[in-house]
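Open the model in your viewer and show it as a cartoon. The tour below goes from one selection to the next.

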Amino acid sequence: MMCSRLRPSLPHPLSLRLLATTASRMMVAVKQPDRLSATLTFEDPSAFRVKSLGELLRALGIFHLCSFSVLVNNSGKLMSVARRLLGRRVFSSLLRPTVYAQFVAGENESEISQSMEKMSLLGLRPMLAVPIEEDLGESTGEKRYDDNMEAMLECVQISHSNTWSRDPMIQLKVTALLSPDLCVKLTTLIAQQPYDLNLLVRAMDGEQINFPGLDESDLAHFLSSLRRLNQIAEASVNKVRVLVDAEYTYMNPALSLVTMAMMKKFNKDGAWIWNTYQCYLKESRSLLLEALCLSETEGFCLGVKLVRGAYMDKERKLAEKQGRPDPVHKCWEDTNDSYNGSLHVMLEDISKNPESSRIIVATHNEESVRRATKRMEELGIANDGAVCFGQLLGMCDHVSLTLAKEGYVVYKSVPYGSVDDTLPYLMRRAQENQTVLQGIRKERDLLKKELFRRLTLRGGRS
């Protein structure tokens with residue numbers, strides 16, 4: 001449990017009482033009627049009237065290609081072959097107006113600003129994402145992590161300093177600043193002997209703290225990484241909300257550890273640091289309840305990014321290889337129940353304690369979006385940012401634009417950078433989100449209707 005992992009001094013009866021209270025709220029919320037809002041059908045192709053003819057054709061072509069799993073699964077190999085045959089310059093010139101333009105905001109601040117200004121006019125808000133991350137065995141040393149920190153600080157600056165940045169958010173991969181190998185080691189250590197959040201906060205402030213189980217090299221890297229995270233958080237407070245991404249189960253406890261320490265330090269007067277909860281994991285509900293418990297006892301605001309999750313196949317294969325129980329829900333329906341249940345927990349908490357928690361409903365699932373808006377109405381939650389919605393740039397625009405038109409706060413996850421920097425990131429996201437890609441048939445159909453409408457109008461004028 002999060003409370004016991006991160007705060008061993010928390011009295012056990014209090015922990016049980018808080019969890020029981022939140023759980024009872026959840027049960028009440030889940031028993032609400034299943035009738036969904038009729039006003040948000042997401043069936044109107046007019047949501048795409050803001051797109052140019054070229055943008056419609058580009059989206060249709062790319063979505064058609066993304067519907068073939070064999071192309072998505074082998075995208076890395078195919079792109080590598082194409083780059084080798086065509087040369088880097090020609091390859092980049094072909095990708096820029098197609099895949100890159102569909103899913104990436106641009107390479108420099110000027111290009112990003114043009115994309116974001118257009119998005120702002122549509123009522124959408126930016127959630128910039130620097131496409132850097134690492135996995136096990138990929139660590140390249142402290143200089144690389146320091147360079148990544150500078151890129152993150154630049155992301156904060158870009159998000160905050162432009163007129164299109166209304167209540168901006170950024171996404172943060174902790175593994176861009178802290179070695180994944182050390183995250184795995186920390187995950188093992190805190191399962192055996194929890195670290196007190198106060199120690200991490202002191203280490204962020206520059207104090208030379210000794211953490212049990214770490215040798216001299218690991219300790220030096222951990223302290224440096226905590227200070228990097230502290231710099232980013234200090235630059236962001238009162239300016240930009242930092243949403244920390246979840247990753248694989250073998251390192252998530254360590255990621256949550258440092259994220260909760262950042263929340264404890266920086267979320268006293270608002271949700272500036274947020275954590276991500278992956279609802280395809282069987283433990284996601286208990287982790288969310290523990291986080292609510294911890295935020296209440298420690299007196300900080302809890303920011304929650306609620307996702308279904310993207311690492312299902314790898315998690316299952318790894319669990320099978322290591323002889324562990326499958327951490328992922330058995331079926332899609334169970335994941336939906338997990339997501340919707342956690343959503344109701346958070347909305348109930350926000351309605352009762354509007355200053356103590358925030359959520360971004362980060363999903364392309366229309367049913368979950370309608371459930372959220374319906375429950376917001378029932379609970380009297382205003383569209384003031386305590387509850388917001390998030391989708392990927394270049395996808396699910398019929399949901400994003402409809403929500404924005406109805407006055408909801410909507411963010412788009414916006415990667416930026418060069419073709420070489422963003423392409424690997426995009427391919428990983430495509431492979432991890434194949435269920436989303438397979439569900440874009442409806443968006444393709446709406447795009448076709450809008451395209452047919454325009455062609456019919458043009459034909460009628462001739």
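Which strand, residues 410–415, is joined to β7, and by how many bridges? This is a predicted model, and in it the strand in question is β8, which runs parallel to β7 and is joined to it by four bridges. Select L392 to see one pairing: its bridge partner in β8 is S413. Follow the chain from β7 through α17 to β8; this β-α-β crossover is right-handed.

Now select β6, residues 357–362. Four bridges join β6 to β7, and these two strands also run parallel. Show A362, which stands opposite G390 in β7. Between β6 and β7 the chain passes through helix α16, residues 366–379, in a β-α-β crossover that is right-handed.

Is β7 enclosed or open? Five of its six residues are buried, so β7 is largely enclosed by the rest of the structure.

Next, select C396, in the loop between β7 (387–392) and α17 (397–405). C396 is not a glycine, yet its phi is positive, at about 60 degrees. Its relative accessible area is 4%, so C396 counts as buried, the cut-off being under 20%.

Move to F42, in the loop between α2 (12–30) and α3 (53–66). F42 also has a positive phi, about 55 degrees, without being a glycine. With a relative accessible area of 2%, F42 is buried.

Last, turn to the surface and select L65, F68, V70, L71 and L78, which make a nonpolar patch of about 440 Å². Of these, L71 lies in helix α4, residues 69–73, and is partly exposed at 34% relative accessibility.

Methods. Residues are numbered from 1 along each chain as its sequence is written. This is a predicted model: local features need pLDDT of at least 70, side-chain atom pairs count only at pLDDT 80 or more; totals for chains, interfaces and linings use all residues. Side-chain values use heavy atoms; hydrogens and water are left out. Buried means under 20% relative accessible area, exposed over 50%, partly exposed in between (1.4 Å probe, protein chains only). Patches are made of residues with over 30% relative accessible area and no salt bridge: like charges are joined within 9 Å, nonpolar side chains (Val, Leu, Ile, Met, Phe, Trp, Tyr) within 5 Å. Accessible areas come from the Shrake-Rupley method with a 1.4 Å probe; for residues, only the protein chains shown count as cover. A salt bridge is a side-chain nitrogen of Lys or Arg within 4 Å of a carboxyl oxygen of Asp or Glu. Two strands pair if DSSP finds at least two bridges between them. A crossover is right-handed if, with the strands pointing away from the viewer, the path from the first strand over the helix to the second runs clockwise.
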